[in-house]
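Me: I have a structure to get through before class. Can we go over it together?

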Amino acid sequence: MRIFRHDRVAAADRGAVVAIGNFDGVHLGHQHVIAAAGKHARAAGAPHAVLTFEPHPRSVFRPDDPPFRLTPFRVKSRRIEALGVGLMFTLHFDLAFAARSAEAFVSDVLVAGIGARHVVVGFDFVFGHQRRGNAALLEERGASLGFDVTIIDPVQAAGGVAYSSTEIRAHLVAGRPRQAAALLGRFWEIDGRVERGDERGRIIGFPTANIILHDYLRPAAGVYAVRAGIEEAGRTVWRDAVANFGRRPTFGGSDLRLEVHLFDFAGDLYGRHLRVALIEHLRPEQKFSGIDALKAQISADAVRARELLKAAPAF
């Protein structure tokens, strides 16, 4: 997949069928929109493209909000590429961009900029200054400017629950990773570079890979059964693991950190990217009376995590 960080492309890259949205999470609802664009692209013999925005508009309009991203750019682009998308237009979003009218976005970006031949959006897509543009306006402008528009109706999971990034965030914050996975179509992952920590894990017999979450959503604090993916020779090798997300109250920690103990692994991960998929929330984080009590609980957590992961779907 080729990524463009601007809205002016060469003639060879014009004429794509473009799915538009923020696509944070790239959940099953998002995948339905992107797949519809792919279907139209194949029928027309045209490029299959996605247009999205970075940073996420919410972080521009509400900069003081806590971190909320399900898929920061690196992860989102990887997920979108896996769906067979050939072109990804990633437009820089700031207050100046937000001030552009809906009509200007259509004429300047979609028509003059990337030359979209067909646009696919969800039924609730809004855009332009004060969110005045919607799917109906896009359809109207497309008819007059020469591109087709497909509006995707709501798609629901079992039980009538809507596929929603907001709903997924709520599940993760409440410590319900399996419910989040049902809406995502996969287990939610935290992807980050392994950094040096306090190295207490080595001392107590449970060495950990430490990851700072940066702009990721903060899930419920506590201990998780996880799978950890290590990139090796162009592929991801998954290992069962147990992880703690929190502040390490037994040691008076203050910063939030994800600490991952990979089972039966002795390699050096410092500086490498690690993908950590949350499978099950085992318990809340707690403060222990001393190292012996902590070690005993970690041992019990590890046993429970191994058992749960035996029954979890393979990656």
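What follows is a short chat about the pocket, the aromatic rings and one strand.

Me: What kind of model is this?

Reply: This is a predicted model, in which local features need pLDDT of at least 70 and side-chain atom pairs count only at pLDDT 80 or more, while totals for chains, interfaces and linings use all residues. Residues are numbered from 1 along each chain as its sequence is written, and side-chain values use heavy atoms, with hydrogens and water left out.

Me: OK, pockets. What volume does the largest pocket have?

Reply: About 1300 Å³. A pocket here is an open set of points on a 1 Å grid over the protein atoms alone, where a 1.4 Å probe fits, with protein on both sides within 12 Å along at least five of seven lines. The volume is the space filled by probe spheres set on the points.

Me: Which residues lie nearest its centre?

Reply: N22, D124, F125, V126 and R131, out of 41 lining residues; a lining residue has an atom within 4 Å of a point.

Me: And by class, what is in the lining?

Reply: The lining has 19 nonpolar, 14 polar and eight charged residues. Asp, Glu, Lys and Arg count as charged, Ala, Val, Leu, Ile, Met, Phe, Trp, Tyr, Cys and Pro as nonpolar, and the others, Gly among them, as polar.

Me: New topic. How many aromatic pairs does the structure hold?

Reply: It holds 10. Rings of Phe, Tyr and Trp (its six-membered ring) pair if their centres lie within 6.5 Å; planes under 30 degrees apart are stacked, over 60 edge-to-face, and the rest tilted.

Me: Why is the pair of F93 and F97 tilted?

Reply: Because the planes of F93 and F97 are at 50°, with the ring centres 5.5 Å apart.

Me: Is F93 buried or exposed?

Reply: F93 is buried, at a relative accessible area of 9%, and F97 is buried at 13%. Buried means under 20% relative accessible area, exposed over 50% and partly exposed in between, with a 1.4 Å probe and protein chains only.

Me: Which residues form the aromatic cluster?

Reply: F53, F61, F93, F97, F105, F125 and F127 form one cluster.

Me: Last one, strand β5. Which residues are on its two sides?

Reply: H118, V120 and G122 are on one side and V119 and V121 on the other, all buried. Strands are DSSP runs of E, at least two residues, numbered from the N terminus.

Me: What does β5 pair with over five bridges?

Reply: β8 (residues 148-152), in the parallel sense. Two strands pair if DSSP finds at least two bridges between them. H118 stands opposite D148 in β8.

Note on methods:
Helix = DSSP H or I, 4+ residues; strand = E, 2+ residues; numbered from the N terminus.
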